[in-house]
Structures are given as structure tokens and as C-alpha cells.
Amino acid sequence: MTRDKTALELSIAAALLLATHFAEAGSIMGSPHDFTVYNWSGGQVCIACHNPQSANTTVTAAPQWNHTLSAQSYTLYSTASLKANVNQPGMRSKLCLSCHDGTVAVDSFGGASGTQYISRAKNVGVTLKDDHPIGFVYDTALANLSGTLFDPASKSVTIGSGGSTQTGTISSLLLYDGGQLECSSCHDVHNKYTAGSSGLMKIGSAGSAICMACHNK
Ligand code: HEC
Ligand code: HEC
Ligand code: HEC
Ligand code: HEC
């Protein structure tokens with residue numbers, strides 16, 4: 001079946017072409033998500049995550065999603081002090097967990113079943129109880145209820161470093177899909193807006209700056 005390509009497909013196709021040319025800091029090239037270093041990528045940087053030709057059209061949190069999703073249900077974060085209503089991870093986090101929960105091979109994409117799993121050090125597993133809570137709405141009401149969180153609608157943050165930065169509210173730069181806190185609240189999957197030397201962090205972890213972006217302590 002043929003159909004006209006959408007503007008998004010065309011912009012990704014253009015970016016795919018450009019991808020071979022950018023190699024400086026602030027780009028995915030040379031970052032831990034530069035999959036061209038692995039044989040299974042066939043030398044392609046985007047394809048394990050996006051591909052216009054074999055995209056999962058049910059995924060709207062990222063364009064042209066190509067990686068096999070994980071079917072896991074996760075053990076969620078819970079403590080007596082937590083005010084947030086923590087749910088199963090949102091789709092945006094499930095995209096990360098499709099490689100990082102360790103149940104689906106990193107080279108399972110485009111309908112193929114892979115054999116290479118994420119390294120033990122980068123495997124967050126299916127028990128999210130021991131990680132920062134994700135999968136909940138962080139709004140003004142939660143900030144008021146907690147008393148030790150900034151109001152995400154008004155608190156200003158700067159993400160990235162060097163020539164690649166953005167400034168805006170917590171809500172506009174760190175929250176997704178209706179104000180949800182997800183993996184991408186702290187990490188930049190494309191290494192475009194990152195700070196610090198490790199962890200693909202949007203705000204550096206030195207001096208706990210990333211934590212102080214939201215926690216008023
Ligand atoms: C490791 C997986 C992964 C790789 C590799 C990857 N992306 Fe993404 N991409 C994502 C995720 C996840 C999102 C959703 C946005 C988010 O959570 O920050 C996204 C979002 C996007 C978007 C929507 C705009 C945006 O930034 O949110 C575009 C366009 C895009 N990616 C293009 C690319 C291109 C082009 C490449 C290759 C140079 C690439 N991506 C490589 C995972 C990936
Ligand atoms: C296609 C599989 C895949 C997807 C999808 C994916 N990653 Fe990764 N990620 C990897 C691999 C492979 C590595 C490198 C592992 C290693 O070095 O052992 C990595 C490394 C990382 C690291 C470690 C960075 C460092 O400095 O060592 C972080 C943080 C990370 N990913 C976060 C994310 C987040 C957040 C998402 C979703 C927005 C995501 N990843 C989506 C495969 C993936
Ligand atoms: C509240 C912030 C925050 C959230 C949300 C978050 N992380 Fe992280 N993550 C961190 C910090 C901080 C580090 C340590 C980074 C460093 O190397 O300095 C880290 C490290 C990692 C690493 C590297 C582990 C290692 O030891 O090398 C991976 C992989 C990772 N995170 C994946 C994820 C995934 C997947 C999610 C969502 C399920 C997620 N993170 C949600 C803050 C966060
Ligand atoms: C994007 C905003 C944001 C960032 C960045 C962030 N947090 Fe949080 N954190 C929250 C919110 C919102 C909650 C939920 C608080 C509640 O419901 O009481 C939370 C909850 C927590 C909890 C659980 C508290 C409890 O009562 O169980 C801990 C611990 C925590 N954060 C530590 C950290 C650390 C450490 C960092 C830095 C690595 C960090 N946070 C970065 C927003 C953030």
C-alpha cells in the first residue's frame with residue numbers, strides 16, 4: 001500500500017540523513033545512545049528506536065517508534081510519606097524500559113527478535129520501588145500538598161550545557177503528557193540538552209543540582 005508521507009516522516013527522514021554529519025557535543029553521536037558502535041545497529045543511529053518504515057503506530061509519545069515494547073507490569077515506588085499518586089509507568093517511560101528493564105533485547109526492533117540485552121549496570125529491572133518515583137502527575141496541587149516541592153508551573157529551570165541550553169518552567173521542560181514525571185524528566189535520550197559528564201542528565205548531578213530543580217530543601 002502506498003500513501004503520502006506525513007510531514008513528521010519527512011522531517012525524520014531528513015534528520016536521519018543529517019545524523020551522519022553531526023558529531024559534536026550536544027548530539028547523540030558519541031553518546032551512550034550512539035548505537036553505531038554495536039554491530040546489531042547496522043551502523044544506523046536512530047533505527048533501534050525510530051523507523052518510518054516499520055513504526056508502531058499505537059505509540060504517540062515518540063514519532064515512528066520501532067523498538068519492541070516490554071509487556072512487564074512493574075513493582076511501583078511506595079512509601080508512607082509519598083503524596084503523589086504513582087501509577088504504572090507512562091508510555092514515555094515504557095519506551096525507555098523497552099530496553100532498560102532487561103526483559104526485551106536491545107536489538108529487538110523492526111519486528112525482529114534480538115539477542116543482545118542491556119548491560120547489568122544499565123538495567124533498572126522491573127522493580128521500580130528502589131528508583132525515583134515515576135508515572136504520576138506533578139502539578140501545583142501536589143507541590144502545595146508536599147510543602148517541599150517547587151510549583152512546577154512557575155519554577156524556572158535551565159537544561160543542557162555549553163551552546164545547547166533551554167530555559168523554561170519545570171512543567172514545560174521536565175514534565176510530559178499532561179504534567180507526568182517520567183524518565184525523560186531527568187534524562188535526555190538524544191543527549192541534546194545534557195549537563196555533566198555522565199548519565200544523559202538534563203541538569204547535572206553535581207551538588208545534587210538535578211534534585212534541587214524540583215525539591216525545595
Ligand atoms: C534510544 C532510543 C532513541 C534513539 C536512538 C533516538 N531517539 Fe528520538 N526519541 C526517543 C524518545 C524516547 C523520544 C520521545 C521524547 C522524549 O522522551 O524525550 C524521541 C523523540 C524524537 C523526536 C520528537 C521530538 C522530540 O525530540 O521529542 C524526533 C524528531 C526524534 N526523536 C528523532 C530522532 C532521530 C532523527 C534520531 C537519530 C539521530 C533519534 N531520534 C534517535 C528515543 C530515541
Ligand atoms: C534501543 C534500546 C534503548 C532504549 C529504547 C533506551 N536506551 Fe538508554 N541505553 C541503551 C544502551 C544500549 C545503553 C548503553 C549501555 C551500556 O553502556 O552498557 C544505554 C544507556 C543509557 C544511560 C546511561 C548513560 C551513561 O552515561 O552511562 C541512561 C541514563 C539511559 N540509557 C537512559 C535512557 C532513557 C531515559 C531512555 C528513554 C527516554 C532510554 N535510555 C531508552 C539502550 C536504550
Ligand atoms: C528524578 C530523576 C531521575 C528519574 C526520574 C530517572 N532517573 Fe535515571 N538516573 C538519575 C540519576 C541522578 C542518575 C545517575 C547519573 C550519573 O551518572 O551521574 C541516573 C542513572 C541512570 C542510569 C545509569 C545507571 C548507571 O549506574 O550507570 C540509567 C540506565 C537510568 N538512570 C535509566 C533511567 C530510566 C529507564 C528511568 C525511568 C524508568 C530513569 N532513569 C528515571 C536520575 C533519574
Ligand atoms: C522533575 C522534578 C523532580 C526531580 C528532578 C527530582 N524529583 Fe524527587 N520527587 C519529585 C516529586 C514531584 C516527588 C513526589 C513527592 C511526593 O509525592 O511527596 C518526588 C519524590 C521523591 C522522593 C520520594 C519521597 C517519599 O516521600 O517517598 C525522593 C526520595 C526523591 N524524590 C529524591 C530525589 C532525588 C535524590 C533527586 C535527584 C537525583 C530528585 N528527587 C529529583 C520531583 C522531582
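What arrangement do the six donor atoms around the iron atom of ligand 2 make? I would like to start there, with the reminder that what we are looking at is a predicted model, and then move on to the iron of ligand 4 and to the surroundings of ligand 3.

The angles that the six donor atoms subtend at the iron atom of ligand 2 run from 88 to 179°, which makes the arrangement octahedral. On the protein side, the coordination comes from His-33 and His-100, each through NE2, at 2.0 Å. These two histidines tie together distant parts of the chain, since 67 residues separate them, with His-33 sitting in the loop between helix H1 (7-19) and H2 and His-100 in helix H2 itself. As for their accessibility, His-33 has a relative accessible area of 18%, and because the cut-off for buried is under 20%, His-33 counts as buried. His-100, by contrast, is at 23% and therefore counts as partly exposed.

Let me turn to ligand 4. Which protein donors does its iron atom have? They are His-132 and His-215, again with NE2 as the donor atom in each, lying 1.9 to 2.0 Å from the iron. Here the pair is 83 residues apart and once more links distant parts of the chain: His-132 belongs to the loop between helix H2 (91-100) and strand S1 (136-137), whereas His-215 falls in the segment after helix H5 (209-212). The six donor atoms subtend angles of 87 to 180° at this iron, so the arrangement is octahedral. Both histidines count as partly exposed, His-132 because its relative accessibility is 47% and His-215 because its value is 28%.

That brings me to ligand 3, where I will describe the shell of residues and then the polar contacts. The ligand is surrounded by 17 residues, of which the closest are Lys-122, Cys-183, Cys-186, His-187 and Ser-198. By character, the shell divides into nine nonpolar, six polar and two charged residues, and helix H2 supplies the largest share of it, with three residues.

Three polar pairs can be named between side chains and this ligand. His-187 places a polar side-chain atom 2.9 Å from a nitrogen atom of ligand 3, while Ser-198 has a side-chain N or O atom 2.9 Å from one of the ligand's oxygen atoms. In the case of Ser-205, a polar side-chain atom lies 3.0 Å from an oxygen atom of ligand 3.

To close on helix H2, please keep in mind that it holds His-100, from the ligand 2 pair, and that it also gives the shell around ligand 3 its largest share.

Technical notes:
Residues numbered from 1 in each chain as written. Chains lettered and ligands numbered in written order. Predicted model: local features only at pLDDT ≥ 70, side-chain atom pairs only at ≥ 80, totals over all residues. Heavy atoms only, no water. Donors = N, O, S within 2.8 Å, 3.2 Å for Na, K, Ca; no water. Tetrahedral: all angles 85-135°; square planar, octahedral: opposite > 155°, others 65-115°. Helix = DSSP H or I, 4+ residues; strand = E, 2+ residues; numbered from the N terminus. Buried < 20%, exposed > 50% of the residue type's maximum accessible area, 1.4 Å probe, protein only. Near = heavy atom within 4 Å. Polar contact = N/O pair within 3.5 Å; in protein donor to acceptor, adjacent residues only side chain to side chain. Nonpolar A, V, L, I, M, F, W, Y, C, P; charged D, E, K, R; others polar.
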